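User: I would like to learn how to read the features of a protein model. Could we take them one at a time?

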Amino acid sequence: MSRHPIQTTQTQVEPPASERERDHTDNKTAGAPASTGPTDPLPRARHFLLGAVVVNCVLQLILPDRVSLGEWWLGWPLLEAPLGLAGFIALRHERNFAREGVRTLVRVLLIVMVLAVSFNTAMLLSLLAPSNNPNGIDLLLSCAAVLTMNILTFGVVYWWIDSGGPAARRDPNNTRHDLQFPQDVEAEPWQPRPEDYLYTSYTNVFAFSPTDTMPLTRRAKGIFTLQSAVALLTMLVTLGLAVNNLT
């Protein structure tokens with residue numbers, strides 16, 4: 001009589017579906033990098049550059065001819081618009097933010113924008129001569145337009161130069177910042193957005209000094225000084241004499 005081995009079967013008990021889904025989710029997220037906080041993709045930030053150029057060009061077109069560079073087809077929009085459009089197209093990919101050719105293109109655009117707002121401020125001052133017989137309301141409106149261009153222009157400048165550019169600013173190993181925001185001293189990672197630089201530009205215009213954001217490098221301090229000087233001439237001189245003309 002032969003003996004047959006006794007065969008035993010083991011039944012594997014599967015975990016509930018909810019546990020399997022949780023384990024699957026944990027496995028997927030185990031190798032994912034930790035989030036450093038909500039930040040906008042760099043290509044989306046290029047709309048900040050284009051928006052500033054568009055607003056500046058519109059304001060240039062509505063300024064009196066004596067404040068702008070002659071007729072509109074001879075004015076600053078003829079220089080700013082093509083450069084702004086080229087910069088907007090060139091920055092459609094994140095890798096282009098670090099390319100030297102693209103950075104040079106944006107630098108030229110920013111130089112033109114700064115020259116434009118400085119030129120408009122000088123033309124405003126020339127209108128204050130008694131021989132020009134300026135109209136008070138025109139001066140006030142022109143002053144408001146030039147101040148708006150000032151804020152937008154230097155807001156873009158701060159955004160573009162800080163830490164070597166928007167792409168370099170995102171590098172956690174890059175500690176050579178041109179501007180120090182209050183959030184930079186916190187332990188939790190934080191990245192400034194274009195609106196943070198716009199607010200910095202706004203406060204520097206109306207306070208004539210840095211408020212919560214401090215310039216750290218010599219070039220940042222020089223740009224802060226230039227912006228405050230242009231704003232000071234626009235507001236104190238032009239606005240003061242325009243009010244006198246109204247009265």
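User: Is Tyr197 buried or exposed?

Analyst: First, a caution: this is a predicted model. Burial is judged by relative accessibility, and under 20% counts as buried. Tyr197 has 2% relative accessibility, so Tyr197 counts as buried.

User: What share of the protein chain counts as buried?

Analyst: The protein chain has 247 residues, and 38% of them count as buried.

User: How many helices and strands does the protein chain have, and in what pattern do they follow?

Analyst: The secondary structure comes to 8 helices and 2 strands. Along the sequence the pattern reads α-α-α-α-α-α-β-α-β-α.

User: Back to Tyr197. With which residue does Tyr197 form an aromatic pair?

Analyst: An aromatic pair is described by the distance between ring centres and the angle between ring planes. Phe154 and Tyr158 give one case: their centres are 6.5 Å apart and their planes meet at 45 degrees, which is a tilted pair. Tyr197 pairs with Phe181, at 5.3 Å centre to centre and 85 degrees between the planes. Planes over 60 degrees apart count as edge-to-face, and the pair of Phe181 and Tyr197 is edge-to-face.

User: Where do Phe181 and Tyr197 lie?

Analyst: Phe181 is in the loop between strand 1 (179-180) and helix 7 (194-207), while Tyr197 is in helix 7, so their pair ties together parts that are 16 residues apart in sequence. Phe181 has 3% relative accessibility and therefore counts as buried.

User: How far apart along the chain are Phe154 and Tyr158?

Analyst: Phe154 and Tyr158 are 4 residues apart in helix 5 (residues 136-161), which means that about one helical turn separates them. Phe154 and Tyr158 are both buried.

User: How many aromatic pairs does the structure hold?

Analyst: The structure holds 9 aromatic pairs. Rings can also form a cluster: Phe48, Phe97, Trp159 and Trp160 make up one.

User: Over which ring does the charged end of Arg46 sit?

Analyst: The charged end of Arg46 sits over the ring of Phe88, and the distance to the ring centre is 4.0 Å.

User: You mentioned helix 5. What span should helix 5 have, and what span does it have in the model?

Analyst: The expected span comes from a rise of 1.5 Å a residue. For the 26 residues of helix 5 this gives 38 Å, and the end C-alpha atoms are 37 Å apart, so the two values agree. Helix 5 is also mostly covered, with 20 of its 26 residues buried.

User: What happens just after helix 5?

Analyst: Just after helix 5, Ser163 takes a positive phi of about 60 degrees, although Ser163 is not a glycine. Ser163 belongs to the loop between helix 5 and helix 6 (166-169). With a relative accessible area of 6%, Ser163 is buried.

User: Which glycine lies in the loop between helix 5 and helix 6?

Analyst: Gly165 lies in that loop. Its relative accessibility is 1%, so Gly165 counts as buried. Sequence and space can then be compared: Gly165 and Ala98 are 67 residues apart in sequence, but their C-alpha atoms are 7.6 Å apart in space.

User: What are the two distances for Thr121 and Leu233?

Analyst: Thr121 and Leu233 are 112 residues apart in sequence and 7.3 Å apart in space, C-alpha to C-alpha. Thr121 is in helix 4. At 4% relative accessibility, Thr121 counts as buried.

User: How is the packing of two helices described?

Analyst: Two packed helices are described by the angle between their axes and the distance between the axes. Take helix 3 (residues 77-90) and helix 4 (residues 100-126): their axes come within 9 Å and cross at roughly 150 degrees. An angle over 145 degrees counts as roughly antiparallel, and helix 3 and helix 4 are therefore roughly antiparallel to each other. Their crossing is left-handed.

User: How does helix 2 pack with helix 4, and how with helix 3?

Analyst: Helix 2 (residues 42-62) and helix 4 pack at about 30 degrees, with their axes 12 Å apart. That makes helix 2 roughly parallel to helix 4. Helix 2 and helix 3 pack at about 165 degrees, with their axes 9 Å apart. That makes helix 2 roughly antiparallel to helix 3. The crossing of helix 2 and helix 4 is left-handed, and the crossing of helix 2 and helix 3 is left-handed too.

Technical notes
Residues are numbered from 1 along each chain as its sequence is written. This is a predicted model: local features need pLDDT of at least 70, side-chain atom pairs count only at pLDDT 80 or more; totals for chains, interfaces and linings use all residues. Side-chain values use heavy atoms; hydrogens and water are left out. Rings of Phe, Tyr and Trp (its six-membered ring) pair if their centres lie within 6.5 Å; planes under 30 degrees apart count as stacked, over 60 as edge-to-face and the rest as tilted. Buried means under 20% relative accessible area, exposed over 50%, partly exposed in between (1.4 Å probe, protein chains only). A charge sits over a ring if NZ of Lys or CZ of Arg is within 6 Å of the ring centre and within 35 degrees of the ring normal. The expected span of a helix is 1.5 Å times one less than its number of residues. Axes are lines fitted to C-alpha atoms, for helices over the stretch in contact, and angles run from 0 to 180 degrees between N-to-C directions. Angles under 35 degrees count as roughly parallel, over 145 as roughly antiparallel, 65 to 115 as roughly perpendicular and the rest as oblique. A crossing is left-handed if the near helix is turned anticlockwise from the far one by less than a right angle, and right-handed if clockwise.
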